[in-house]
Amino acid sequence: MSKHEDAAKVAEVEAEKIGFGIDIGGSGIKGAPVHLGTGELLTKRFRRPTPAESSPEAVGAVLAEVVEHFELPGMAHIGVTFPGIVKDGVAHSAANVDKRWVDTDVAEVARRWTGHTAYVANDADAAGYAEIAYGAAKGKKGTVLVLTLGTGIGSAMIRDGVLIPNFELGHLEIDGYDAESRAASSIKEEEGLSYPEWAERLQRYFSHVEFLFSPDLFVVGGGVSKDHEQFLPLLDLKTPIVPAKLRNKAGIVGAAALAADNA
Ligand code: BGC
């Protein structure tokens with residue numbers, strides 16, 4: 001869709017119901033305006049590949065390109081996800097992106113390149129926030145764990161509808177391995193694992209997480225969650241496990257909602 005068609009679609013919605021989110025992932029940087037009432041994307045996502053050298057400068061330039069595509073009003077706050085620990089806008093880890101991000105003020109990088117005030121959250125936390133507001137975790141009491149399977153494994157811990165940020169359950173050490181180095185969906189691709197082969201690794205991972213946290217619900221997100229029928233039924237757990245309702249859009253939607261709620 002052209003820039004002008006996208007702008008026309010967005011113009012039909014009341015301004016205060018519009019948010020804007022950008023998801024910085026290991027393979028792609030995706031942004032879209034979001035309807036904050038429904039959690040739906042107002043236009044198709046605009047996606048650019050994550051630069052091979054994913055330094056703050058290179059990623060900042062892509063953020064600028066994404067925002068520029070949508071012609072946002074100058075005052076609009078944007079939400080941005082980052083695939084590492086984020087506290088007060090600052091990155092404290094960078095497992096799957098350039099290490100120069102560590103100790104970088106991601107919110108400041110986003111503001112400098114896009115010209116917009118940015119709220120930055122961990123990618124899985126943003127996905128969890130979206131699932132609470134609009135998706136599979138909506139109205140759920142107790143402990144809900146959202147696990148995103150992608151380049152790495154992201155996790156969001158939710159207790160009685162409240163997100164507790166920066167749970168890094170992708171890096172649990174299991175059988176001597178960093179868990180995401182065995183069970184992320186990128187590893188399935190890299191090693192050419194079939195769904196049943198990958199499901200064995202997921203079984204080991206999810207049963208360990210289940211033992212540690214006794215959750216009431218697992219929500220599985222990330223791009224591969226669209227193929228959930230191929231692997232979720234193979235898992236044998238005591239805890240109900242469901243696909244994320246917002247699938248791969250959860251990061252964008254959650255970032256937009258977090259930015260609006262923290263403006
Ligand atoms: C990072 C997490 C992130 C996850 C998914 C992990 O390697 O440590 O912070 O949420 O990947 O991107």
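## Loops, helices and their contacts

S214 counts as exposed, with a relative accessibility of 53%. The cut-off for that word is over 50%, so 53% puts S214 in the exposed group. Keep in mind as you look around that this is a predicted model.

**Two residues with an unusual backbone angle**

Where along the chain is S214? Look in the loop that joins α7 (195–213) to β13 (217–221). The backbone there has a feature worth a second look: S214 has a positive phi of about 40°, although S214 is not a glycine. Most residues other than glycine have a negative phi.

N166 is another case, since its phi is positive at about 65° and N166 is not a glycine either. You will find N166 in the loop between β10 (162–164) and β11 (173–174). Is N166 buried, partly exposed or exposed? With a relative accessible area of 22%, N166 is partly exposed. A positive phi also turns up just after helix α2, where E71 takes a value of about 45°.

**Loop and strand residues to click on**

Here is how S214 and N166 line up with some other residues of the model.

| Residue | Relative accessible area | Class |
|---|---|---|
| S214 | 53% | exposed |
| T151 | 37% | partly exposed |
| N166 | 22% | partly exposed |
| T148 | 14% | buried |
| G84 | 2% | buried |

T151 belongs to the loop between β8 (143–149) and β9 (153–159). Which residues does T151 contact, leaving aside its neighbours within four places in sequence? They are G26, S27, N96, A184 and S186. Take S27 as an example: it is 124 residues from T151 in sequence, yet their C-alpha atoms are 7.5 Å apart in space.

T148 sits in strand β8 itself. Residues are called buried under 20%, so T148, at 14%, is buried. Not counting residues up to four places away in sequence, T148 touches A124, A127, I153, G154, G221 and G222.

G84 lies in the loop between β4 and β5 (86–87). Beyond its neighbours within four places in sequence, G84 is in contact with S93, N122, N166 and E168. N166 in that list is the residue with the positive phi of about 65°. For a pair with another kind of spacing, try G84 and A263: they are 179 residues apart along the chain, and 22 Å separates their C-alpha atoms.

**Helix α2 and its partner α3**

Helix α2 (residues 56–70) has 15 residues and reaches 22 Å from its first C-alpha to its last, close to the 21 Å expected at 1.5 Å a residue. Its buried residues are P56, V59, G60, V62, L63, A64, V66, V67, H69 and F70. What covers them includes α1 (3–11), the strands β1, β2, β3 (46–49) and β4, and helix α3.

How do α2 and α3 (residues 106–114) pack? Two packed helices are described by the angle between their axes and the distance between the axes. Here the angle is about 50°, and the axes are 8 Å apart. The two helices are therefore oblique to each other, and their crossing is right-handed. On the α2 side, the contact is made by P56, E57, G60, A61, L63, A64 and V67, which meet V109, A110, R112, W113 and T114 of α3. Sorted by type, the residues of this contact are eight nonpolar, two polar and two charged.

**Helix α8 and its partner α4**

Helix α8 (residues 250–261) has 12 residues, and its span of 16 Å from first C-alpha to last is close to the 16 Å expected at 1.5 Å a residue. How many of those 12 residues are buried? The count is 10, which makes α8 mostly covered. They are A250, G251, I252, V253, G254, A255, A256, A257, L258 and A259. Their cover includes β1 (18–24), β2 (28–35), β4 (78–82), β7 (118–122) and helix α4 (123–134).

The axes of α4 and α8 are 7 Å apart, at an angle of about 80°. That makes α4 roughly perpendicular to α8. From α4, the residues A126, A127, Y129, A130, E131 and Y134 meet A250, G251, V253, G254, A255, A257, L258 and D261 in α8. This contact divides into 10 nonpolar, two polar and two charged residues. One of the α4 residues, A127, is also touched by T148.

Key
Residues numbered from 1 in each chain as written. Predicted model: local features only at pLDDT ≥ 70, side-chain atom pairs only at ≥ 80, totals over all residues. Heavy atoms only, no water. Axes fitted to C-alpha atoms, helices over the stretch in contact; angles between N-to-C directions. Helix = DSSP H or I, 4+ residues; strand = E, 2+ residues; numbered from the N terminus. Parallel < 35°, antiparallel > 145°, perpendicular 65-115°, else oblique. Left-handed = near helix turned anticlockwise from the far one by under 90°. Contact = heavy atoms within 4.5 Å. Nonpolar A, V, L, I, M, F, W, Y, C, P; charged D, E, K, R; others polar. Expected span 1.5 Å × (residues − 1). Buried < 20%, exposed > 50% of the residue type's maximum accessible area, 1.4 Å probe, protein only.
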